[in-house]
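Visitor: I am in my first year, and I would like to take a careful look at one part of a protein structure before moving on to what lies around it. Could you guide me through it slowly?

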Amino acid sequence: MRANFRIDAFSGVCAGVYLGVIVSFLPVVIRRMGGSTEDVALVVAGPFVGHLLSPFFGYLLARFRPVRISAFTSTLSRSIFLVGVLLAATPFALALVSVVTWVIAVANMASYATLMQGIYPDSERASAMGKVRIGASIASIASATLAGLVIDSVPATFVFAAAAIASIPGALAFGRIRHDPPAVAPPRHRPSRIARDVWSDRRFRRLLLSFTIFGFGNLMNAALYPILLVDHFNAPTSFVGFMTALQAGSAVIAYYVWGRFIDRGSSLRLTVVNTALVLLMPLGYLLAPGTVFLLPVAIVAGITNAGGDITFFTNIVQLAPRGRVGDYAVAQSSLMGIRGTIAPFAASALLTTFPAQTVMVFAMGLMVSGLVVMDRAVRAATSAPVPVLEVAPA
């Protein structure tokens with residue numbers, strides 16, 4: 001486990017360098033290049049288009065070893081991004097490159113969830129994942145701070161390319177993780193079979209419904225944040241870099257705390273608390289009179305992103321029947337893809353009629369409704385036994 005953890009941690013640091021630059025600056029840079037609200041929405045939706053297609057990739061790639069799949073997709077996606085950002089000449093082309101790379105990167109969702117279950121014991125999993133992400137957050141602090149200082153004087157595409165180059169060794173190293181597959185390979189289920197089985201699990205179905213309602217509103221707001229930073233707050237790129245560094249810094253502490261809480265308690269109950277805290281982010285954007293007042297929002301973003309990142313996988317491990325973790329991950333990922341693909345463009349469409357602040361209030365209403373459904377779903381899930389699904393032949 002120690003050897004696997006070291007490799008996982010190194011890969012996480014490399015990923016942190018990459019994501020600290022790409023996630024933070026790409027939508028802002030596209031907006032400053034003259035990109036439309038639709039271009040920004042496309043960037044925000046990129047990861048979720050990948051989640052939308054994850055059931056099909058999960059089925060096609062189930063016959064291969066999860067370590068190879070995870071390493072290959074990470075390496076390929078970052079390599080394509082490296083080439084793409086150097087060739088893209090328009091905001092739309094740059095946004096399209098982002099979508100393609102995310103589709104490939106998220107194709108390993110089922111494989112990654114299976115690996116996290118297999119290489120870490122239940123009593124240490126959340127803590128180990130949290131420590132890996134602490135390293136990634138520290139790397140994000142460094143890369144975002146540096147990028148924020150130089151991106152106004154150096155072409156942004158060169159900065160993005162440098163981040164991609166720095167991340168590729170971590171993707172390659174992930175292929176060295178040791179994972180012994182089960183003696184009997186789990187059956188490969190078609191997406192339609194996965195959908196039926198997961199839908200029949202009432203506990204997980206109610207939880208997914210709550211995620212869908214809350215997440216739709218949250219992702220509408222996610223498309224508004226970069227637009228407000230540029231159009232309303234006129235925030236300089238260096239300030240965006242500082243916000244990202246502050247967010248990653250708070251995530252460093254949050255990953256450690258959330259990991260210990262989950263290993264000693266319930267991942268599902270933590271999810272409700274973490275989800276409630278997310279509501280502070282749009283509230284901060286609505287009430288902030290200037291950029292400096294967005295700094296507390298960055299702290300909340302780091303805390304909640306850390307909690308959501310860990311619980312995305314630990315919730316599945318807590319609820320899924322043994323041997324079906326990959327299937328449940330695919331089901332959750334696909335629903336995330338649906339809401340994440342639609343919500344940013346819904347926000348963009350509403351912006352043609354209403355001001356951004358009005359759209360944000362509407363989205364917050366959806367978030368509150370989803371939180372109420374989530375609280376009830378978690379109460380029901382934690383009081384019911386884990387279902388046993390019959391394993392059908394492949």
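Visitor: Which are the buried residues of helix 12 (residues 280-287)?

Guide: Please keep in mind from the start that this is a predicted model. In helix 12, which covers residues 280-287, the buried residues are Met281, Pro282, Gly284 and Tyr285. When you look down the axis of helix 12, these buried residues fall within an arc of 155°, so they line one face of the helix. The parts that cover the buried residues of helix 12 include helix 9, helix 10 (237-264), helix 11 (267-278), helix 13 and helix 15.

Tyr285 leads us from this helix into a wider setting, for the largest nonpolar core has 106 residues, and Tyr285 is listed with Phe25, Phe81, Phe160 and Leu294 as the members that touch the most other members. Helix 9, which is also among the elements covering the buried residues of helix 12, gives the most to this core, with 14 residues. Phe160, another of the residues that touch the most other core members, is in contact with Val21, Ile22, Phe25, Leu26, Val29, Phe81 and Val85, when residues up to four places away in sequence are not counted. Apart from this core there is a second, separate one of eleven residues, and Val252, Trp258, Ala306 and Ile310 are included in it.

The next topic is the aromatic rings. A search of the whole structure finds five aromatic pairs. One of these is formed by Phe81 and Phe160, whose rings are arranged edge-to-face, with 6.5 Å from centre to centre and 65° between the planes. This pair links distant parts of the chain, since Phe81 belongs to helix 3 (residues 66-87) and Phe160 to helix 7 (residues 156-173), 79 residues apart. Phe81 and Phe160 are both buried. A second aromatic pair, formed by Phe204 and Tyr328, is tilted, with 4.8 Å from centre to centre and 45° between the planes. Here too distant parts of the chain are linked, with Phe204 in helix 9 (residues 202-232) and Tyr328 in helix 14 (residues 325-350), 124 residues apart. Phe204 counts as buried because its relative accessibility is 0%, and Tyr328 counts as buried because its relative accessibility is 0%. Returning to Phe81 and Phe160, we find that they form one aromatic cluster together with Tyr18. A ring can also be met by a charge, and in this model the charged end of Arg205 sits over the ring of Trp199, 5.0 Å from its centre.

Charged side chains bring us to the salt bridges. Side chains of opposite charge can pair when their charged atoms come close. The count for this structure comes to four salt bridges. In one of them Arg31 is joined to Asp231, with the closest N and O atoms 2.4 Å apart. Because Arg31 lies in helix 1 and Asp231 in helix 9, this pair ties together parts that are 200 residues apart in sequence. Arg31 is buried, with a relative accessible area of 19%, whereas Asp231, at 47% relative accessibility, counts as partly exposed.

In another salt bridge the side chains of Arg133 and Asp309 meet, at 2.6 Å from N to O. This pair also links distant parts of the chain, as Arg133 is in helix 6 (residues 125-150) and Asp309 in helix 13 (residues 295-319), 176 residues apart. Arg133 is buried, with a relative accessible area of 10%, while Asp309 counts as partly exposed at 24% relative accessibility.

Helix 15, which was named among the elements covering the buried residues of helix 12, holds a further salt bridge within its own length: Arg379 pairs with Asp375, and their closest N and O atoms are 3.0 Å apart. Because Arg379 and Asp375 are four residues apart in helix 15 (residues 356-381), they are separated by about one helical turn. Arg379 counts as exposed, at 59% relative accessibility, and Asp375 is partly exposed, with a relative accessible area of 27%.

Last, we can go back to helix 1 (residues 2-32), where Ser11 is found. At 9% relative accessibility Ser11 counts as buried, and it touches Gly170, Ala173 and Phe174, again leaving out residues up to four places away in sequence.

Technical notes:
Residues are numbered from 1 along each chain as its sequence is written. This is a predicted model: local features need pLDDT of at least 70, side-chain atom pairs count only at pLDDT 80 or more; totals for chains, interfaces and linings use all residues. Side-chain values use heavy atoms; hydrogens and water are left out. Rings of Phe, Tyr and Trp (its six-membered ring) pair if their centres lie within 6.5 Å; planes under 30 degrees apart count as stacked, over 60 as edge-to-face and the rest as tilted. Helices (H or I, at least four residues) and strands (E, at least two) are DSSP runs, numbered from the N terminus. Buried means under 20% relative accessible area, exposed over 50%, partly exposed in between (1.4 Å probe, protein chains only). A charge sits over a ring if NZ of Lys or CZ of Arg is within 6 Å of the ring centre and within 35 degrees of the ring normal. Contact means heavy atoms within 4.5 Å. A nonpolar core is a set of buried Ala, Val, Leu, Ile, Met, Phe, Trp, Tyr and Cys residues joined through side-chain atoms within 4.5 Å. The arc is that of the directions from the helix axis to the C-beta atoms.
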